[in-house]
Every structure is written in C-alpha cells, then in structure tokens.
Amino acid sequence: MNDTNSKHAPLVIIGTGLAGYNLAREFRKLDSETPLLLITADDGRSYSKPMLSTGFAMNKDADALGMTVAGPMAIQLNAEIRTHTRVTRLEPEKRRVWIGSEPVPYRDLVIAWGAQTIEVPVAGDAQDAIFPINDLLDYGRFREAAQGKRRVLILGAGLIGCEFANDLLQGGYDVALVAPCEQVMPSLLPVEPAAAVQRGLESLGARFYLGPVLERLERHGASLVATLSDGQRLDCDLVVSAVGLRPRVELAAAAGLSVNRGISVDRHLRTSAQHVYALGDCAEVDGLNLLYVMPLMSGVRALARTLTGQLTPVTYGPMPITVKTPVCPLVVSPPATGSVGNWQVEGEGNDLKALFHGCDGRLLGYALTGSAVKERLALNKQLPPVLAELPQVLSLKSRD
C-alpha cells in the first residue's frame, strides 16, 4: 500500500472486548474523523469481562451483563463494526488483513483479540459438559446449561476459579474445586492469605480437592461422574474450566511477528512490524504479559495518543489486583517475578496483612485479606512502579 492510499485507510482494531472498545473510545476523543473499523469473532456486545464472575450472585443472565449491542456502539464510535467475522491472515508488509478471500487495508492495525482458555484433556464421554467462561457468549452458554442443575465442579483454584466459586456459591450452587496445587492462587499468594481465602469459601460450602487433576468425566444417567487422578470419584452436574488463559499468538506468528508468551511489543505497544500494534491480554509489553484490567487501561490511554501522533510510552504504576471473593475480601500486589526477599505476615483469622520486602527493606509486594484490605492505598504509595517512565529522549523516538 502506498502512502497516499494508507492515509485514507481505516484504523483497524481486531477485537471488541475491554481492550478494543476502550481503545476506540479513547481514540475517538482525540480523532473524530479517521475511519475506524472494528472486527470481532463474536456478536460485538459491549460488556465488562470482570463481571462474568459476578453474574450468578446478582442473578443476571448474559443479556443483563451486556451493556450495548454492536449497532449502537458503531454509532457511538462513528465506526464500522463487523461482527461474527474472523480475520484469517495478517499481511503486514502490504498493510492489510484478510477475512477469508477479502483483503482489508489499514492505516494502522491494533491486535486486541485477547487470550484463549487452556483446554483440559479429559477422558470419558462428557467433554461437552466442560465449560470455559472467557467471554459473554461462553457465560450465556454456561448459564443456560446450569438451569435446573445444582452441583458444579470447577477445574482450577487460581484467581478465576476462586471468583467463580464465590459467585456460584452465592447463587445457590454446590461447588467443588479440583486443582493440582497445594493452595489456592499459588502464583499470587503466600500460604497464609491463601488459607484465609480457602477458609472463607469453605464457610460458604466449597469443597477443595487440591493435588489431583480430573482424569475422566462420564455421564451417569442425568448427572456426571468425575474421576480424579488419585482415584476419588465426585458426582456433579456440569464442569467449569478455570485452569488459565493463553494469549492468542498463532496468526501473529504466522505473519512473522515476534511472539513469546504473548505478541512481543515495545513500550509504545509496537510489534516487530511497522504500523502494527498489540494491546491487552494478547500483548507482551517489554516482557510482561499481565492479564488484568489496570495494565490494559494504561495501554489503552497511551496507545490512543500514539495513534493520533503523540508518541506515548506505556507506564505501569503499582498494579494491585482486587479479587472478587467477597466472603474473604482480597487485594494483592505480587512482587515482580524473580524478586528476592521475604514475606512477613501479621493479623488473625481471615484478617491478614502479608508484606514482601526486598533484601534492602523496600516493600515490593503485598497481600491483604479481610479487614486488612483498607490498608491498600497507603501501601500502594510505597510500591515501585511495574513499568517506570522512560527517559524523555527515549519516549520521543519512533520507528515509523
């Protein structure tokens, strides 16, 4: 594509989740004229993904969690939104993407197609009773399947597994969690706060099977029988898979873009190809792939400015995570991977303050449960940024 044609091509955003729609909103605040095209494999409804693990407690179906459908969103954003449409190939050297046999040119391309659920290989005849819940359509399918059912088995005891457990328990379901770990949220929490969250969920009736994995799921009349790797057999009615997410990188890798865990981008969210950016759960920013809302929104604000000519690097301040387990409130700011130091825990019962100090005594992370969560704001002021501001001379450089 020559420069003249590229000036009239749209900004193309692949994905209409939190990343895609919020970028479109921020971009439109700064540029009301550039053509804007959003492409999504789903129905294009605007919704808040974190709300997916609150729907049962609030007794809300998928339609109630959705905020705006694609038509009004297109009007609001002065954009074209192509729903139920899959991009099949990226062609960055010609500044176009392909939808089947249709080439779509772009001025700039933003990949915001998120992450996909990790599939769990399970023997037996009931794999179709395992439900990942990664978007609003997934939630709708699961909620429909859960009507008239009572016993839910959750695979995974990480953040998402614990949030769904709290939500389903408050929604009146019987919940068991199976995970090959010794504690809940092992990648986020030290032992004591993890035990507090587990006690809180157990107080609502949750049952934990930590250590084994699900090996077989079979139908037994109207219900299911789950066989664990340690030989235990659990009766249930349906299964939620919450074993984790993996950034979508396949199309990017096939197009020659640099990928690692996610699509590799620099501090300006630029991929290894000119005029191609990645944002949100699919992006690995300066080596960090953070699947949370706060870094996503930091990226949105910076990229909107970059796309309108104000080259702006992403910065992450402290990034505390509020986990939706209201039975045992939890806020955690985990220390950076590879940090050297020690956890110190104080408090009683489920009201715990765990602080991670480096060898020099600096606070590098924390985990707060119960009433201790009120200390988060004061502690945030002591934490180092996750991604510090770049020197001004670096922030003004551009490859384009």
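**Exercise 1. Work out the volume and lining of the second largest cavity.**

Solution. Start with the volume: the second largest cavity comes to about 50 Å³. A cavity here is a set of points, on a 1 Å grid over the protein atoms alone, where a 1.4 Å probe fits but cannot get out; lining residues have an atom within 4 Å of a point. Grid points are joined across faces, edges and corners, and the volume is the space filled by probe spheres set on the points.

A word on the model before going on. This is a predicted model, in which local features need pLDDT of at least 70 and side-chain atom pairs count only at pLDDT 80 or more, while totals for chains, interfaces and linings use all residues. Residues are numbered from 1 along each chain as its sequence is written, and side-chain values use heavy atoms, with hydrogens and water left out.

Next, the walls. The lining consists of Arg151, Val152, Leu153, Asp174, Ala176, Arg207, Leu234, Asp235 and Cys236. Strands S10 (151-155), S11 (174-179) and S15 (233-236) are the elements that give two or more residues to this lining. Helices (H or I, at least four residues) and strands (E, at least two) are DSSP runs, numbered from the N terminus.

Last, sort by type: five nonpolar, no polar and four charged. The bins are Ala, Val, Leu, Ile, Met, Phe, Trp, Tyr, Cys and Pro as nonpolar, Asp, Glu, Lys and Arg as charged, and the others, Gly among them, as polar.

**Exercise 2. Do likewise for the largest cavity.**

Solution. Searching the whole structure turns up two cavities of 30 Å³ or more, and the largest holds about 80 Å³ of space. Its lining has 14 residues, with Gly280, Ala283, Val285, Pro295 and Tyr316 nearest the centre. Two elements give two or more residues to that lining: strand S20 (283-285) and helix H9 (293-307). H9 provides the largest share, three residues. By type, the lining of the largest cavity splits into ten nonpolar, three polar and one charged.

**Exercise 3. Which residues of helix H4 are buried, and what covers them?**

Solution. First, the cut-offs: buried means under 20% relative accessible area, exposed over 50%, and partly exposed in between (1.4 Å probe, protein chains only). In H4 (residues 70-77), the buried set is Ala70, Met73, Ala74 and Leu77. Looking down the axis of H4, these buried residues fall within an arc of 100°, so they line one face of the helix. The arc is taken over the directions from the helix axis to the C-beta atoms.

Then flip to the other side of H4, where Ile75 and Gln76 are exposed. The cover over the buried residues includes helix H2 (18-30), strand S2 (36-39) and strand S3 (80-82); contact means heavy atoms within 4.5 Å. Right after H4 comes asparagine 78, with a positive phi near 50°.

**Exercise 4. Take three salt bridges apart, partner by partner.**

Solution. The structure holds 17 salt bridges, each a side-chain nitrogen of Lys or Arg within 4 Å of a carboxyl oxygen of Asp or Glu.

- Aspartate 138 pairs with arginine 141, the closest N and O atoms being 2.6 Å apart. Both sit in helix H5 (residues 136-146), three residues apart, about one turn of the helix. Aspartate 138 is buried at 12% relative accessibility, whereas arginine 141 is partly exposed at 48%.
- Glutamate 163 meets lysine 324 at 3.2 Å, N to O. Glutamate 163 is in helix H6 (residues 159-170) and lysine 324 in the loop between strands S21 (321-323) and S22 (330-333), so the pair ties together parts that are 161 residues apart in sequence. Glutamate 163 is buried at 4%, and lysine 324 is partly exposed at 25%.
- Aspartate 266 bridges to arginine 270, with the closest N and O atoms 2.9 Å apart. Aspartate 266 is partly exposed at 22%, while arginine 270 is buried at 8%.

One more step: salt bridges with shared partners link Asp43, Arg45 and Asp63 into one network.

**Exercise 5. Where does serine 258 lie, and which residues is it in contact with?**

Solution. Serine 258 lies in the loop between helix H8 (250-254) and strand S18 (263-265). Serine 258 is partly exposed, with a relative accessible area of 36%. Setting aside neighbours within four places in sequence, serine 258 is in contact with Ile263, Ser264 and Ser272. As for alanine 157, 101 residues away along the chain, its C-alpha atom is separated from that of serine 258 by 32 Å.

Definitions and conventions: On a 1 Å grid over the protein atoms alone, a cavity is a set of points where a 1.4 Å probe fits but cannot get out, and a pocket is an open set with protein on both sides within 12 Å along at least five of seven lines; lining residues have an atom within 4 Å of a point.
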